[in-house]
Amino acid sequence: MLLAINQVLTQVYEPQFSDNSDGFRPKRSAHQALQKVQIYVDAGYKYAVDMDLEKCFDTVNQSKLIEVPSRTIKDRRVISLIHKYLRAGVEIGGKLEPTLTGTPQGSLQILQQRLGQLL
């Protein structure tokens, strides 16, 4: 089910992303990002910036995150399902811990990247 949601969200939001953003995007890779950097170096640029937003997702406000797809996805059942995934919790040391803030890692990584890039 997560894959189906991801496919829909990708179609809706992919066109809105910056062409300079390569992380977790269809048909893009780290190698392609490095090739772009090389083109800029060859053109005379002296600096390249690499940003890893990994820890950013630990403190994402889930209510604000849900607002993003709610603007375009009118089926409340889909929004509810995304919210349930966010609240599903994470396993730490064999114990299920609630996720009241942030987005869980692992199977939600694609979903959180898609939504997180829009915030």
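Biologist: Which backbone oxygen does the side chain of glutamine 62 reach, and at what distance?

Modeller: In this predicted model, the side chain of glutamine 62 reaches the backbone oxygen of leucine 86, at 3.3 Å. Glutamine 62 belongs to helix 3, and leaving aside residues up to four places away in sequence, glutamine 62 touches Leu86, Arg87, Thr99, Leu100, Thr101 and Gly102.

Biologist: Is glutamine 62 buried or exposed?

Modeller: Glutamine 62 has a relative accessibility of 2%, and because the cut-off for buried is under 20%, glutamine 62 counts as buried.

Biologist: Before going further, I should like the outline of the chain: how many helices and strands are there, and in what pattern do they follow one another?

Modeller: There are five helices and two strands, and along the sequence they are arranged as α-α-α-α-β-β-α. The chain has 119 residues, of which 29% count as buried, and its accessible surface comes to about 8,500 Å², with 57% of that belonging to carbon and sulfur atoms. If you take the contacts between residues at least 6 apart in sequence, 59% of them join residues at least 24 apart.

Biologist: How should I read a nonpolar core, and which residues have the most contacts inside the largest one here?

Modeller: The general idea is that in soluble globular proteins nonpolar side chains tend to be buried together. In this structure the largest nonpolar core has 13 residues, and those with the most contacts inside it are Leu9, Tyr13, Ile66, Ile82 and Leu86. The elements that give two or more residues to this core are helix 1, spanning 2-13, helix 3, spanning 62-70, and helix 4, spanning 76-87. Leu86, listed among the core residues with the most contacts, is also the residue whose backbone oxygen the side chain of glutamine 62 reaches.

Biologist: Ile66 was in your list as well; which side chain reaches its backbone oxygen?

Modeller: That is serine 70, whose side chain reaches the backbone oxygen of isoleucine 66 at 2.8 Å. Serine 70 is found in helix 3, and beyond residues up to four places away in sequence it touches Arg76 and Ile79.

Biologist: Which residues make the nonpolar patch on the surface?

Modeller: Ile39, Tyr40 and Tyr45 make a nonpolar surface patch of about 360 Å². Tyrosine 40 lies in helix 2, which covers residues 30-42, and its relative accessibility of 40% is why tyrosine 40 counts as partly exposed.

Biologist: Now the charged residues: how many salt bridges does a search of the whole structure find, and what is the idea behind them?

Modeller: Side chains of opposite charge can pair when their charged atoms come close. The search finds four salt bridges, and we can look at some of them in turn. The side chains of arginine 25 and glutamate 14 meet at 2.6 Å, N to O. This pair links distant parts of the chain, eleven residues apart, with arginine 25 and glutamate 14 each placed in the loop between helix 1 and helix 2. Both arginine 25 and glutamate 14 are buried.

Biologist: Which residue does lysine 64 pair with, and how does the helix separate the two?

Modeller: Lysine 64 forms a salt bridge with glutamate 67, with the closest N and O atoms 3.9 Å apart. Because lysine 64 and glutamate 67 are three residues apart in helix 3, about one helical turn separates them. Lysine 64 is partly exposed, at 48% relative accessibility, and glutamate 67, at 36%, is partly exposed too.

Biologist: What is the partner of arginine 77, and at what N to O distance do the side chains meet?

Modeller: Arginine 77 meets aspartate 75 in a salt bridge of 2.9 Å, N to O. Arginine 77 is exposed, with a relative accessible area of 66%, whereas aspartate 75, with 28%, is partly exposed.

Biologist: One last feature, the backbone angles: what is phi of lysine 27, and where is lysine 27 placed?

Modeller: As a general guide, most residues other than glycine have a negative phi. Phi of lysine 27, however, is near 60 degrees, a positive value in a residue other than glycine. Lysine 27 is placed in the loop between helix 1 and helix 2, and its relative accessibility of 81% is the reason that lysine 27 counts as exposed.

Conventions
Residues numbered from 1 in each chain as written. Predicted model: local features only at pLDDT ≥ 70, side-chain atom pairs only at ≥ 80, totals over all residues. Heavy atoms only, no water. Core = buried A, V, L, I, M, F, W, Y, C linked by side-chain atoms within 4.5 Å. Buried < 20%, exposed > 50% of the residue type's maximum accessible area, 1.4 Å probe, protein only. Helix = DSSP H or I, 4+ residues; strand = E, 2+ residues; numbered from the N terminus. Patch = residues over 30% accessible without salt bridge, like charges linked within 9 Å, V, L, I, M, F, W, Y side chains within 5 Å. Areas by Shrake-Rupley, 256 points an atom, 1.4 Å probe, with all protein chains shown as cover. Polar contact = N/O pair within 3.5 Å; in protein donor to acceptor, adjacent residues only side chain to side chain. Contact = heavy atoms within 4.5 Å.
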